[in-house]
Amino acid sequence: MSTAAAYAVSAPDGRFEKVTIERRELGPHDVLIDIKYAGICHSDIHTARDEWGGAKYPCVPGHEIAGLVAAVGSAVTRHRVGDRVGVGCMVDSCGECEPCVAGEEQYCIPGATMTYNTPVAPEIQADGYTMGGYSTQIVVTENFVVSIPEGIGLDVAAPLLCAGVTLFSPLRHWNAGPGKRVAIIGMGGLGHVGVKIASAMGAEVTVLSHSLSKQEDGTKFGAHHYYATSDRQTFRDLRNHFDLILNTVSADLPIDSYLKLLRLDGTLVILGLPENPLQIKPFTVAGYRRSLAGSMIGGIAQTQEMLNFCAEHGIGAEIETISADQIDGAYERVVASDVRYRFVIDTATM
Ligand SMILES: [Zn+2]
Ligand SMILES: [Zn+2]
């Protein structure tokens, strides 16, 4: 066992405090990572505050991890000491089920081991559940560690490990590219990366945001069009228009109105996860053979493909770097949508 500094909450309404946690001894296929930056994802907040149920305390969130390899196990071949690496939402999976064999570990049938708050044997994490990236070090099996290419800063790469691949995966799966009209609903931590990636893929990109307050940024990130959804005229102007709509918003939206913006054979993909059931009129999907779909992060190979793509196109997340003692305040601001566009913790402040 080795020890690492971490920031944890000890109750749903607790504040983050510095703690010391244990990380396992390196197994033959393990990589020890010195974490440099950890992004703050909205899922971290839901878990730390036990809004999804089942949270374990002390809770160390963080699944947007970027750092340097500090040591490797005897059989590791994919990474070397000093390499720039990242870890996203998963740290292991069964490796044998149909989705795992297909490289879609996020859909592992017995369930992937998520980076934090997933029950594991004490040999994996002493506390009996995984602890994430708000920490100075983490041990992860080599197959779940991706390389961060030169050319992307580790700080702006960190949010790509969750937010980036969450957008990249559906854009690839539904063939975003030249000649395709893609809409991104929401210009937050997820949406702003989606605009950059979809635009770099060559698609015609439209942002559908509640207001026009971030229009200038949207255009800078590569959006060709920008509409306010608070204006009813938007829904008349864009009827039957898009091939692909990605919904990054986790608040309740009138999803049927958005489905009507799809042209023949278009698909609306749900990425944000509101708690309430959706209201859909069957006629809306039957007409124009529209599809309503969902997508969850991306597999490890696709996460690597996404990082390579982002390096090639000079894409990083837009970030505000904070010190570890500012996490509580950052959470308040994320909940209030007051961040452009992702908070990243500098672990040197731990
Ligand atoms: Zn996330
Ligand atoms: Zn599996």
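Which elements cover the buried residues of α4? In this predicted model, the cover includes the strands β10, β13 (242-247), β14 (262-270) and β17, together with the helices α5 and α10.

**Figure 1. Helix α4 and its surroundings in the predicted model.** Nine of the 11 residues of α4 are buried, so the helix is largely enclosed by the rest of the structure. The buried residues are Ala163, Gly164, Val165, Thr166, Leu167, Phe168, Ser169, Pro170 and Leu171. Among the elements that cover them are β10, α5 and α10. Asn175 follows α4 and has a positive phi, near 55°.

**Figure 2. Ser169 and its contacts.** Ser169 belongs to helix α4, which comprises residues 163-173. With a relative accessible area of 6%, Ser169 is buried, because this value falls under the 20% limit. The side chain of Ser169 makes a polar contact of 2.7 Å with the side chain of Gln302. When neighbours within four places in sequence are set aside, the residues in contact with Ser169 are Ser295, Ile297, Gly298 and Gln302. Gln302 thus appears both in the polar contact and in the list of contacting residues.

**Figure 3. Helix α5 and the elements that cover it.** The helix comprises residues 189-200. Its 12 residues should span 16 Å at 1.5 Å a residue, and the end C-alpha atoms are 18 Å apart, which agrees. Of these 12 residues, 10 are buried, so α5 is largely enclosed by the rest of the structure. The buried residues are Gly189, Leu190, Gly191, His192, Val193, Gly194, Val195, Lys196, Ile197 and Ala198. Their cover includes the helices α4, α6 (215-221) and α10 (300-312), as well as the strands β10 (181-185), β11 (204-209) and β17 (342-346). The covering is listed in both directions: α4 is among the elements that cover α5, and α5 is among those that cover α4. Just after α5, Gly202 adopts a positive phi of about 100°.

**Figure 4. The site of the zinc ion (ligand 1).** The protein donors are the SG atoms of Cys41 and Cys162 and the NE2 atom of His63, at 2.0 to 2.2 Å from the ion. The spacing of these donor residues in sequence is C-x21-H-x98-C. Cys41 and Cys162 link distant parts of the chain, being 121 residues apart. Cys41 lies in the loop between β3 (30-39) and α1 (42-48), whereas Cys162 lies in the loop between α3 (154-157) and α4. Cys41 is buried, with a relative accessible area of 6%; Cys162 is likewise buried, with a relative accessible area of 6%.

**Figure 5. The site of the zinc ion (ligand 2).** Four cysteine SG atoms, from Cys94, Cys97, Cys100 and Cys108, act as the protein donors and lie 2.3 to 2.4 Å from the ion. The angles among the four donor atoms are 103 to 118°, and the site is tetrahedral. For four tetrahedral donors, the ideal angle at a metal is 109.5 degrees. In sequence, the donor residues follow the spacing C-x2-C-x2-C-x7-C. Cys100 and Cys108 are buried.

**Figure 6. The segment annotated as a domain in the UniProt record.** The unreviewed UniProt entry places the feature "domain: Enoyl reductase (ER)" at residues 14-345. Over residues 14-345, the chain is 25% helix and 25% strand. The end C-alpha atoms of this segment are 19 Å apart.

Conventions: Residues are numbered from 1 along each chain as its sequence is written. Chains are lettered from A and ligands numbered from 1 in the order in which they are written. This is a predicted model: local features need pLDDT of at least 70, side-chain atom pairs count only at pLDDT 80 or more; totals for chains, interfaces and linings use all residues. Side-chain values use heavy atoms; hydrogens and water are left out. Donors are N, O and S atoms within 2.8 Å of the metal (3.2 Å for Na, K and Ca); water is not among the atoms, so sites may look incomplete. Four donors count as tetrahedral if all angles lie between 85 and 135 degrees; four count as square planar and six as octahedral if opposite donors are over 155 degrees apart and all others between 65 and 115; anything else is irregular. Buried means under 20% relative accessible area, exposed over 50%, partly exposed in between (1.4 Å probe, protein chains only). UniProt positions are given in the numbering used here, feature names are shortened, and annotations may be inferred rather than shown by experiment. Helices (H or I, at least four residues) and strands (E, at least two) are DSSP runs, numbered from the N terminus. A polar contact is a pair of N or O atoms within 3.5 Å; within protein, one must be able to donate a hydrogen and the other to accept it, and residues adjacent in sequence count only if both atoms are side-chain atoms. Contact means heavy atoms within 4.5 Å. The expected span of a helix is 1.5 Å times one less than its number of residues.
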